[in-house]
Amino acid sequence: MESCIERIKNDIENVTRITATPNMGCTRFSYSKEDSEVREYLIKEMKDLGLSIKVDGVGNIRAKYIDNNEDKPSIMMGSHIDTVANGGKFDGLTGVVTALEVIRVIKENNVKINNPIELIAFAEEEGSNFGSTMVGSKILTGAYKLEDLKKIKNDDGISAYQVMKDFGLDVDNVENEILKKEEVKAMVELHVEQGGILDSEQISIGIVQAIVGMKTYKVKLKGVSNHAGSTPMYLRKDPMVGAAEIIIHMEKAAKEKALKDTVATIGKIHCQPNGSNVIPGQIEFNVDIRDVETEGMEIVARELISKTKEVAEKRGLEYKVDLIGESECVKLSSKIINIIEDTALENKYNFIKMNSGAVHDSAMLPEITDVGMIFVPSIKGLSHCPQELTKFEDIKLGCDLLLKTVIKLANE
């Protein structure tokens, strides 16, 4: 009993045709027109399988396959369907499509299962809209409340609450839809690695042991905007050069002062007024800090705050450092890891155990249920870009491992 590579390929290709940036990667933000079209496609496929479908107040899709076992907790699997701007075809979507294929195989083979199998497609995992990752899973697990959705805003100043409401979601009801421990027996997420370890070592499967924690800060520096030619260097209060000092220091802090797995990234900068012949008046930039150990993140966070204060005072700038999103480092369930490993050994799959350097929705669930993750290779380690690529043969292998693991969990 195996998954069908052609069905997997067909689903991924049908979805990735829906993008706001044709020929420039996949851009499919949650609550966009493209998101709506993808939801329509996936929900049709779910209905064709006779699944019981529910969409909650933030847009998480939960679709359950029930076989005379409705009163029992689900074996949950899935991932997310949103992307970063100009992202890849496989990030997130691979986990949703393989979960859909697992249910197809179970149904067409009349596999006996003692627990329902539930597919979940999380909303707003990437943080592309509001700068806060995993909004859907944070709401589902109670880490975010309704008031949080009113506080976080997009670049146009519109709150997540309003965006979701405008998308037609019953967002006011989110706190009544929190996932309860008795609802789910286990969660297994399949995902592309988004790094180069599996590909470089020519290994088809990664069994994830831990997921990095993450802290995202927004730094604001305010100086004095002025003429680029007539303002002497010694009279300037330039927030851009202040930002440059801080950014360089973040690299140094992560490399030299923190732990071996700590990383820090500045990938988003907004400059006002953003003119080539104008000294900037204000700079905003985000700092993304990650590690599998909390200590590593905290070291870099302290360095960020102290360096920003130092630079601002030295250069006569106003400053503000806000924590806009965070998730804890997560050790996954040894029980699920062992089941995945045993299944891989039984089927002679080539695998290694590893950590995840990317944050995933599964990281929000360990306090509710046992959680496991399966990685398949990302060619050259490329992700969050149009060049992102995973072989369909590897996706099929990962799907087969997911299928066998889910059946074991449903019948143990």
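This report describes selected helices, helix contacts and single residues of the structure shown above.

The structure is a predicted model, in which local features need pLDDT of at least 70 and side-chain atom pairs count only at pLDDT 80 or more, while totals for chains, interfaces and linings use all residues. Residues are numbered from 1 along each chain as its sequence is written, and side-chain values use heavy atoms, with hydrogens and water left out. Helices (H or I, at least four residues) and strands (E, at least two) are DSSP runs numbered from the N terminus.

**Helices 1, 2 and 3**

Helix 1 covers residues 5-16 and holds Asp-11. Asp-11 has a relative accessibility of 2% and therefore counts as buried, a term that means under 20% relative accessible area, with exposed meaning over 50% and partly exposed in between (1.4 Å probe, protein chains only). Apart from its neighbours within four places in sequence, Asp-11 is in contact with Tyr-41, Val-97, Leu-100 and Arg-104, where contact means heavy atoms within 4.5 Å. The C-alpha atom of Asp-11 also lies 9.3 Å from that of Leu-93, although the two residues are 82 apart along the chain.

Tyr-41 is one of the buried residues of helix 2, which also include Glu-34, Asp-35, Val-38 and Arg-39. The cover over the buried residues of helix 2 includes helix 1, strand 1 (52-55), strand 2 (61-65), helix 3 (93-108) and strand 4 (117-122). Just after helix 2 comes Gly-50, with a positive phi of about 75°.

Of the 16 residues of helix 3, 14 are buried, so this helix is largely enclosed by the rest of the structure. Asn-110 follows helix 3 and has a positive phi, near 50°.

The table sets out the spans of three helices; the expected span is 1.5 Å times one less than the number of residues.

| Helix | Number of residues | Expected span | Distance between end C-alpha atoms |
|---|---|---|---|
| Helix 2 (residues 33-48) | 16 residues | 22 Å | 23 Å |
| Helix 3 | 16 residues | 22 Å | 23 Å |
| Helix 11 (residues 392-411) | 20 residues | 28 Å | 28 Å |

**Two helix contacts**

Helix 11 is mostly covered, with 15 of its 20 residues buried. Helix 1 and helix 11 pack at an angle of about 110°, with their axes 10 Å apart, and helix 1 is therefore roughly perpendicular to helix 11. Axes here are lines fitted to C-alpha atoms, for helices over the stretch in contact, and angles run from 0 to 180 degrees between N-to-C directions; those under 35 degrees count as roughly parallel, over 145 as roughly antiparallel, 65 to 115 as roughly perpendicular and the rest as oblique. Helix 1 contributes Ile-5, Ile-8, Lys-9 and Ile-12 to the contact, and helix 11 contributes Phe-392, Glu-393, Ile-395, Lys-396 and Cys-399. By class, the contact of helix 1 with helix 11 has six nonpolar, no polar and three charged residues; Ala, Val, Leu, Ile, Met, Phe, Trp, Tyr, Cys and Pro count as nonpolar, Asp, Glu, Lys and Arg as charged, and the others, Gly among them, as polar.

Helix 8 (residues 239-257) and helix 9 (residues 294-315) pack at about 150°, with their axes 9 Å apart, which means that helix 8 is roughly antiparallel to helix 9. Among the residues making this contact are Val-241, Gly-242 and Glu-245 of helix 8 and Ile-299, Val-300 and Glu-303 of helix 9. The contact of helix 8 with helix 9 comprises nine nonpolar, three polar and six charged residues.

**A strand residue and the loops**

Thr-216 belongs to strand 7 (residues 213-222) and is buried, with a relative accessible area of 8%. Leaving aside neighbours within four places in sequence, the contacts of Thr-216 are Gly-131, Asn-286, Val-287, Asp-322, Leu-323, Ile-324 and Gly-325.

Gln-272 and Pro-273 are joined by a cis peptide bond with omega of about 5°, and Pro-273 is placed in the loop between strand 9 (263-272) and strand 10 (278-279). Glu-124, in the loop between strand 4 and helix 4 (135-140), is a residue other than glycine with a positive phi, near 50°, and is buried at a relative accessible area of 0%. His-384, likewise not a glycine, has a positive phi of about 60°; His-384 lies in the loop between strand 15 (370-376) and helix 11 and, at 37% relative accessibility, counts as partly exposed.
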